[in-house]
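Thanks for coming. I have one structure to go through today, so let me put it on the screen.

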Amino acid sequence: MLILVSGGSASGKSKYAEDLAARTPPGERIYVATMRVWDEESRRRVERHRAMRAGKGFRTEERPVHLDHMPVPAGSVVLLEDLSNLTANEWFGPEGPEGAEARVLSGVRRLKEAAACTVVVTNELFSDGVAYDKETADYLAALARLNAAVAAEADRVYEVVCGIPVCWKGA
């Protein structure tokens with residue numbers, strides 16, 4: 001099963017996704033952390049997310065790039081936090097934008113195939129009305145395509161707005 005959870009910044013999407021993953025049948029739960037810690041703000045975000053998932057039985061796997069190389073135990077429950085960070089890391093990383101979308105999508109598909117349940121968190125970054133430089137605009141376009149591709153393959157798609165999950169696809 002593949003579940004996509006989207007929402008704006010601080011919408012409650014991460015908590016909702018963690019709760020979904022924690023409610024799955026018993027088994028190994030893997031939290032795939034994609035954020036690279038660059039500064040104090042990112043360090044605080046990582047700590048906040050660690051505190052949110054404390055006691056929920058997750059093992060953390062740091063995977064900022066090359067998701068498709070991550071070993072995934074059969075029958076596990078995987079929570080990928082998040083698609084936008086992973087995409088940015090691949091897009092702006094050493095390998096660059098060429099092939100970044102394919103690398104990310106390949107990794108998500110690998111999780112879906114190996115795990116009993118994969119929950120992917122992504123950000124809704126497309127309604128701010130800001131005109132970005134070409135490099136950032138190209139990244140955002142790639143993320144939009146990836147969000148659409150993962151949503152198309154997902155069994156369920158949720159958008160979390162003000163802490164309220166809205167189901168757009170599935171039961």
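I'll start with serine 14, which touches His49, Met52, Glu81 and Val121, leaving aside residues up to four places away in sequence. Serine 14 sits in helix α1, residues 13-22. With 9% relative accessibility, serine 14 counts as buried.

Before I go further, a word on confidence. This is a predicted model. The mean pLDDT over the chain is 91, and 100% of the residues score at least 70. Confidence is lowest in helix α2, residues 40-53, where the mean is 77, and highest in β1, at 97.

Now helix α5, residues 134-153. Does the length make sense? What span should its 20 residues give at 1.5 Å a residue, and how far apart are the end C-alpha atoms? The expected span is 28 Å and the end C-alpha atoms are 29 Å apart, so the two values agree.

At the N-terminal end of α5 there is a cap from aspartate 133. One of the side-chain oxygens of aspartate 133 lies 3.2 Å from the backbone nitrogen of glutamate 135.

Which residues of α5 are buried? They are Tyr139, Leu140, Ala142, Leu143, Leu146, Asn147, Val150 and Ala151. As for the spacing, an α-helix has 3.6 residues a turn, so residues three or four places apart point the same way. The buried residues of α5 pack against two helices and four strands by name: α3 (83-92) and α4 (100-114), then β1 (2-7), β5 (117-123), β6 (156-161) and β7 (164-169).

Staying on α5, let me turn to charge pairs. Side chains of opposite charge can pair when their charged atoms come close. A search of the whole structure finds 9 salt bridges, and I will show three.

In the first slide on this, aspartate 138 forms a salt bridge with lysine 134, with the closest N and O atoms 2.7 Å apart. Aspartate 138 and lysine 134 are 4 residues apart in helix α5, which means they are separated by about one helical turn. Aspartate 138 has a relative accessible area of 29%, so it is partly exposed. Lysine 134, at 61%, is exposed.

The next pair is glutamate 153 and arginine 109, whose side chains meet in a salt bridge at 2.5 Å, N to O. This pair links distant parts of the chain: glutamate 153 is in helix α5 and arginine 109 is in helix α4, 44 residues apart. Glutamate 153 is partly exposed, with a relative accessible area of 25%. Arginine 109 is partly exposed too, at 36%.

The remaining pair is glutamate 61 with arginine 63, where the closest N and O atoms are 3.0 Å apart. Are these two residues buried or exposed? Both glutamate 61 and arginine 63 are buried. For glutamate 61 the relative accessible area is 17%, and the cut-off for buried is under 20%, so glutamate 61 counts as buried. Glutamate 61 lies in strand β3, residues 58-62. Leaving out residues up to four places away in sequence, glutamate 61 touches Ile30, Tyr31, Val32, Ala33 and Met70. A network of salt bridges links Glu28, Arg59, Glu61 and Arg63.

Next, the cysteines. How many disulfides does a search of the whole structure find? The search finds 0. Cysteine 117 is in no disulfide, and the nearest cysteine sulfur, that of cysteine 167, is 14 Å away. A disulfide needs the two sulfur atoms within 2.5 Å, so that pair does not qualify. Cysteine 117 counts as buried at 8% relative accessibility, whereas cysteine 167 counts as partly exposed at 37%.

Last, the backbone. Most residues other than glycine have a negative phi, and most peptide bonds are trans. There are some exceptions to show here.

A cis peptide bond joins glutamate 81 and aspartate 82, with omega at about -5°. Aspartate 82 is in the loop between β4 (77-81) and α3. Glutamate 81 was also among the contacts of serine 14.

Alanine 10 has a positive phi of about 60°, although it is not a glycine. Alanine 10 is in the loop between β1 and α1, and it is exposed, with a relative accessible area of 81%.

Cysteine 162 also has a positive phi, near 55°. Cysteine 162 is in the loop between β6 and β7, and at 73% relative accessibility it counts as exposed.

That is what I had. I can go back to any of the views.

How values were computed:
Residues numbered from 1 in each chain as written. Predicted model: local features only at pLDDT ≥ 70, side-chain atom pairs only at ≥ 80, totals over all residues. Heavy atoms only, no water. Buried < 20%, exposed > 50% of the residue type's maximum accessible area, 1.4 Å probe, protein only. Contact = heavy atoms within 4.5 Å. Expected span 1.5 Å × (residues − 1). Polar contact = N/O pair within 3.5 Å; in protein donor to acceptor, adjacent residues only side chain to side chain. Salt bridge = Lys/Arg side-chain N within 4 Å of Asp/Glu carboxyl O. pLDDT = per-residue confidence, 0-100.
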